[in-house]
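Reader: Please present the structure, so that its helices and charged contacts may be discussed in turn.

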Amino acid sequence: MSVFLIIGVVSGVLTWLVVLLAHAHRHRQLRELEGSLNGQNTPPVLPPVSILKPIRGIDDGLMENLRAIAEQDYPEFEVLIGIKDNTDPALVAVARWQDEYPNLPVRVITGFEDIGLNPKVNSLHALEREARHALCLISDADVHPLPSYLRRLVCWYSACTAELVHSVLLGCDARSFGAILDNLQVNSFVAGNQIALDAVKHPTVVGKSMLFRKDDLAAIGGWPAVNDTLNEDYAIGRLMDRHGMRVALCPDILPVREPRRSFRSFANRHIRWAQMRRASRLDGYLAEPLLNPTFWGVVLILLSLTQCECVSSPLSWAHGAILVCAKVLADVLLYRSLSGAWLPAAHIPLIIVKDLCIMAFWLAGFALRRVTWRDRTFLLTKGAQLKRLPDL
């Protein structure tokens, strides 16, 4: 038996274990959430919430996503919009949105000072200082929550007695090639590992949705503690965990929409995420190819077709095809588990394309030490710390 087949079999088994663990853990938590809601084990009065929303530029679907936030079924909340540049066209879009919801408490914060190299942290630091309420929710510009999202998130926060609650992401409404590939990765590797790692008590926070109290964030050093960290969300979750605070994952699905993401944007995003994971946890990063049986299957097929001597079995192409089909089926069933719907048939073959792209991005993330984010380039060092490029 060739070494590639052995690695491929291990990869397939691990992938299916992650899918099964994610399915079982999330559905167990959903039952707990529904039990808490039905059993009245929720706060007698829902506390007011300050929603912190950093924005830069007009992403596709921005207005629809802002409307989804405004239409939350929740008794009291305010929205704080952070836009660094006073000439950003997003200011015009936000003004139009405010006109649609004149009774919604909204404040737009611009021109704030930087406290570090991470532009999102700079925005969140400014927004949190202006927040009127103790309970804050970070909500990225591309999330499109259901009306019940905030109410159920706060109830889960209370039921878990957690200091931080984050959400399971689900990419949706893709209308371009890059957006489809991005959603396929978010709805498999990202969501599956997010849930599976929560099941084994290793919080992996994705900052598109983070609910916390100001005092709890201050207890771990506040935003200055992560002002030069690229993956500030993951870092905050780990810091809270090390301080004995509970970090909980809400089992509800949070839709994420950027319908017309380009392939270049898809590649840049996942290369950057790969660089973050490598800089944060090298051991985990080195193991990631074991969750990509598609790659090992394609390697077996190609080696078999070229009659390479390192492939001992004439049926290696069949073994490779089985590995590829197993991974495609795993992604399809995980999407079904998360969304309750079947993946569009036209998207299924693109799982193979996505997995091969992700392997290429993994290699790039391993090799590259410079990271480009929001039109700025930095050196990325151990712990996903950002450093300014040296002057030439």
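Reader: In this predicted model, is Asp 331 buried or exposed?
Author: The model is predicted. The relative accessible area of Asp 331 is 7%, and a residue counts as buried under 20%. Asp 331 is therefore classed as buried.

Reader: Which residues does the network of salt bridges with shared partners join?
Author: Salt bridges that have partners in common connect several residues into one network. Its members are Lys 120, Asp 140, Asp 142, Asp 182, Lys 208, Glu 232, Glu 258, Arg 261 and Arg 269.

Reader: With which side chain does that of Asp 331 meet in a salt bridge?
Author: The contact spans 2.9 Å from N to O. It links distant parts of the chain, with Asp 331 in helix α12 (residues 316-339) and its partner in helix α13 (residues 350-367), 23 residues apart. The partner is buried, at a relative accessible area of 0%. The side chain in question is that of Lys 354.

Reader: Where in α6 is the kink centred?
Author: Helix α6 covers residues 177-199 and reaches 32 Å from its first C-alpha to its last, close to the 33 Å expected. The helix nevertheless has a kink of about 35°. The kink is centred on Val 186.

Reader: How many of the 23 residues of α6 are buried?
Author: Helix α6 is mostly covered. Asp 182, in helix α6, is buried with a relative accessible area of 4%. For α6 the number of buried residues is 20.

Reader: Which residue just after α6 takes a positive phi?
Author: Helix α6 consists of residues 177-199. Just after α6, a phi of about 65° is found. The residue with this positive phi is Lys 201.

Reader: What is the N to O distance in the salt bridge of Asp 182 and Arg 269?
Author: Arg 269 counts as buried at 7% relative accessibility. The side chains of Asp 182 and Arg 269 meet in a salt bridge. The pair links helix α6 to helix α9 (residues 263-280), 87 residues apart. The N to O distance is 2.6 Å.

Reader: How many residues apart in sequence are the parts that Arg 152 and Asp 252 tie together?
Author: The side chains of Arg 152 and Asp 252 meet in a salt bridge of 2.6 Å, N to O. Arg 152 lies in helix α5 (residues 149-159) and Asp 252 in strand β7 (residues 247-257), so the pair ties together parts whose separation in sequence is 100 residues.

Reader: How many salt bridges does a search of the whole structure find?
Author: A salt bridge requires a side-chain nitrogen of Lys or Arg within 4 Å of a carboxyl oxygen of Asp or Glu. Across the whole structure, the search finds 25.

Notes
Residues numbered from 1 in each chain as written. Predicted model: local features only at pLDDT ≥ 70, side-chain atom pairs only at ≥ 80, totals over all residues. Heavy atoms only, no water. Helix = DSSP H or I, 4+ residues; strand = E, 2+ residues; numbered from the N terminus. Expected span 1.5 Å × (residues − 1). Bend = angle between axes of the 7 residues up to and from the residue. Buried < 20%, exposed > 50% of the residue type's maximum accessible area, 1.4 Å probe, protein only.
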